[in-house]
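Please open the model in your viewer and keep the sequence panel beside it, since the tour below goes from one selection to the next. Each stop names what to select and then says what is found there.

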Amino acid sequence: WAIREKLLSEDADKNHVARGLAGLDSDRAWTMREKLLSQDANKSSVAAGLAGLDSDRAWAIREKLLAQGAYKGWIAQGLAGLDSDRAWAIREKLLSEDADKNHVARGLAGLDSDRAWTMREELLAQGADKGWVAAGLAGLDSDRAWAIREKLLSQGAHEGLVAEGLAGLDSDRAWTMRE
């Protein structure tokens, strides 16, 4: 928290600070989000920094930001880790409004449900970037995730994005792929 406050006081890029609040549901995190929004920080970055949060408070901010025209791709990325019906409804709405498919794919991070796999397949069929789909595999250590990583790499997916999709994995298999 001291580092975040220091970055904000030094006029660092507030967008990075906002995205770095992902997954944090403390009063301190909500206070910082409100402060960032009041300072006209990039609203889209605040939306992305709501990843992993399925609370009423998070949904109120998402809906407010959508109404204010925040970038739909960042809102989609801010749905990472959420497998609720509400999250799926927003993903479908964003896609129907031509949100960037790459951001939607990346916003599937942490999801190993059949619904998530179906959407990944559909996004790939619609031309989503293979690297972005691979990045959206973060946190997944299932056989299915490993099979698609290998497939995407063999099809030329950007190795850096594949590496980003290894976030949260500490298995031998993950370390071998990183190497």
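Begin by selecting α9 and α11, whose axes come within 12 Å and cross at roughly 10 degrees. Because angles under 35 degrees count as roughly parallel, that crossing makes α9 roughly parallel to α11. Keep in mind throughout that this is a predicted model, and that what you see on screen should be read in that light.

With both helices still selected, show the side chains where they meet: D114, W117, E121 and L124 belong to α9, and they meet R144, A145, I148 and L152 in α11. If you colour the residues of this contact by character, they divide into 5 nonpolar and 3 charged, with no polar residue among them.

Next, stay in this part of the model and turn to the second largest pocket, which has a volume of about 200 Å³. To display its lining, select W117, E121, L124, G127, A128, K130, R144, A147, I148, K151, L152 and Q155. Which helices each supply at least two residues of this lining? They are α9, spanning 114-125, and α11, spanning 143-154, and of the contributors it is α11 that gives the most, with 5 residues. Coloured by character, the lining of the second largest pocket divides into 6 nonpolar, 2 polar and 4 charged residues.

From there, move to the largest pocket, whose volume is about 290 Å³. It is lined by 14 residues, and the ones to select are those closest to its centre, namely A48, A51, Q77, A80 and R106. The residues of this lining, taken by character, divide into 9 nonpolar, 2 polar and 3 charged.

For the last stop, select I90, which has its place in helix α7, the helix made up of residues 85-96. Is I90 buried or exposed? Its relative accessibility is 14%, and because buried means under 20%, I90 counts as buried. To see what lies around it, add W59, L66 and L79, with which I90 is in contact once its neighbours within four places in sequence are left aside.

Finally, to link this stop with the earlier ones, draw a distance between the C-alpha atoms of I90 and L152, which are separated by 26 Å although the two residues stand 62 residues apart along the chain. L152 is a residue you have already selected, as one of those lining the second largest pocket and as part of α11 where that helix meets α9.

Notes. Residues numbered from 1 in each chain as written. Predicted model: local features only at pLDDT ≥ 70, side-chain atom pairs only at ≥ 80, totals over all residues. Heavy atoms only, no water. Helix = DSSP H or I, 4+ residues; strand = E, 2+ residues; numbered from the N terminus. Buried < 20%, exposed > 50% of the residue type's maximum accessible area, 1.4 Å probe, protein only. Contact = heavy atoms within 4.5 Å. 1 Å grid on protein atoms, 1.4 Å probe; cavity = no way out; pocket = protein on both sides within 12 Å on 5 of 7 lines; lining within 4 Å. Points joined across faces, edges and corners; volume = space filled by probe spheres on them. Nonpolar A, V, L, I, M, F, W, Y, C, P; charged D, E, K, R; others polar. Axes fitted to C-alpha atoms, helices over the stretch in contact; angles between N-to-C directions. Parallel < 35°, antiparallel > 145°, perpendicular 65-115°, else oblique.
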